[in-house]
Amino acid sequence: MDVARPLETSPTALNKPARDLIAEDLACRRGERLVFAGVSFRLPAGGALLLTGANGSGKTSLLRLLATLIPPAAGRLAWGAEPFDADVVAYRALLHYVGHQDGVKPGLTPRETLLFWAALRGAGSGRGSPPLDRALAAFALEPVADWPCRWLSAGQRRRLALARLAVASASIWLLDEPASGLDRDNQLSLERAIAEHRKSGGRVVVASHTLIDIAGADVITLDAFAPSPDHVAG
Amino acid sequence: MAAFIGLFRRDLRLALRQGGDAGLVLGFFVLAVVLFPLGVGPEPAVLQRIGAGIVWVAALLAALLSLDRLFEADYHDGGLDLLALSSLPLEFAVLAKCAAHWVATGLPLALISPSLALLVGLDPAEIVILALSLLIGTPALSLIGSVAAALTLGARRQGIVLSILVLPLYIPPLVFGAGAVEASVAGMDARAYLLILAALSLAALAFCPWASAAALRQALE
Amino acid sequence: MINWLANPARFTRISTRTLPWCGWGAVVVIAAGLYWSLMLAPPDYQQGDTVRIMFIHVPAAWMALNVYLLVAVASAVALVWRHPLAEIAARAAAPIGAGFTLICLATGSLWGRPMWGAWWVWDARLTSVLILFFLYLGYMALVNAFDDPSRGGKAGSVLALVGVVNLPIIKFSVDWWNTLHQPASVMRLGGPKIDTSMLVPLLIMAAGFLLLFLALLLLRMRTILNERKAMALRLNAETPSSRAPRAAMVATHPGAE
């Protein structure tokens, strides 16, 4: 049984300007269909938001919208007082998105995978391996760190995707079904990682079917934001 | 910069580790060239006349077949989202991937073309020009192909739509690449053709990453 | 004015009024042009009566190029300003442009046989027009290759702009290369060098083709708009009405403010 060590995220400069993530009246269109409209929330430092709802209600769409992969069809998204599109690059540097898929290449090892994504975050040359080892340990991947990823199980791949969070040093975590494929112990380490992140001032938005224990999280049920038939603005 | 090199090395490493892929492209290249003498008859004079064109067309088709490898895997495993959100601008990410694609595909095509040129009976001087033309022209093939590959991500019948899009755009490199060899066969200076080919590759370098990045962003929406 | 036209309902009203004029106008003008070209214009001193193919070939060529330009401009407008009708205009115009290109290639081939002795030559002008035809086909294939039509429209817009580089190549190919195809006689810096007796029917046919294009374009745009309306109605009819009414549920962190 893989045993995880707790993840320590040091409070970084990212969490210093304690701004809130503010969403007002967000609407999202996928293809020809208006998926949801009127979503508003405010996420301060240490805050957590849990998205629930039926399949197709737009949980993934909302997360992708917050990650700036989809433009909002209406509404406003702001980091503190500044709208996110005033400086998209800076906003993107603040967040890390873990989507449905794992982003895992069968031909690389977990260590190489994390090194690569860390380099792509601009997380620095000269950072060396300690953060990497910590990340691997936090999600119990040390035993398989040098195996080709094609040998990993689905749960291990999911943990590798989550391990990116540890090297990404992002303030806002956007997680889509993070617990899928995880057994009880690993789900506990995920919850622990989330709690540590919030304690050091980070923010978390999680979309999940399974029951994840996030203390004091606000809940948005996206079914309630589906457009009524006559609201559809063509 | 570190991110650019990191992406280039990762893609190259993946291409080399899954070495079968590059090998398949080269295998197709050889087979396609071999088909022509079997089809048009082995007469040396005829083959020498059309040899450059045969090798170039086969190279085009081989490059075409390798294009869907460029973005498909990242698109389906979620890596493209992460590339779009990384500190590296998407245009440079495309450039890094095209560079890795060229080193893994175009460069080997250019390097084994001399042996194939022997199969179609070209002279040594022409073989040099053929290899040179492929060396200069294959970057354009990778870059132009990246635009079409990005545009067709997630399309039905991706392979065939990709081919319809990319083959007309491949015609200029083909005309000038094969034309360079034919000019040298005819005793004229091939330099003008090679220079225009280089210009095409440079223009593709300036223009295509931008177009591909725009297409990739649409694919992610 | 472009923004004023953006409202689909208004567009439908205006196009309904304009369409008969374009349609019947096209019929009348093309009939007149054909009569003039076939009966009244003089035969060429060298080619005799075969020159009359020019009166279809040249206007078709002009339309082929200009329709692609329209597709490219509409695509740019769709991408940059997200004008709702721009993408529909581009999608509607492309098959018509492809048709004109095909007419241009076919009539050119018919003309080439008596004039050059060959149905087809691989010179720069013919090759670049053939590439234009493939670009049209590629555009049409791409916009229809996606299950989500808006994704197809966006991808097609990028493709249309990429292919624009072909247009100056076509236009100037007869100047840049030694081609069998004759150089420009009408659209030149020095003014047309063709005689008025031939220029007039040529321009009449061009006007007729333009009206025909406009009529077909408006027709296709209306059809596409109706298809989209039908699809939107169907998609939203399937939304279960058991969903809770829109509640302005604002989730705030307990204890904030």
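Mentor: Helices (H or I, at least four residues) and strands (E, at least two) are DSSP runs, numbered from the N terminus. This is a predicted model, in which local features need pLDDT of at least 70, side-chain atom pairs count only at pLDDT 80 or more, and totals for chains, interfaces and linings use all residues. Residues are numbered from 1 along each chain as its sequence is written, while chains are lettered from A and ligands numbered from 1 in the order in which they are written.

Trainee: How many helices and strands are there in chain B?

Mentor: Chain B has nine helices and zero strands.

Trainee: What pLDDT does chain B average?

Mentor: pLDDT is the predictor's confidence in each residue, from 0 to 100. Chain B averages 91, with 100% of the residues at 70 or above; among its elements, helix α2 (residues 20-40) of chain B has the lowest mean, 88, and helix α7 (residues 124-151) of chain B the highest, 94.

Trainee: How many of the residues of chain B count as buried?

Mentor: A residue is buried if 20 or more other C-beta atoms, placed from the backbone, lie within 10 Å of its own, exposed if 12 or fewer, and partly exposed in between. By that count, 52% of the 221 residues of chain B are buried.

Trainee: At what angle do the axes of α7(B) and α8(B) cross?

Mentor: Axes are lines fitted to C-alpha atoms, for helices over the stretch in contact, and angles run from 0 to 180 degrees between N-to-C directions. The axes of α7(B) and helix α8 (residues 158-185) of chain B come within 9 Å and cross at roughly 165 degrees.
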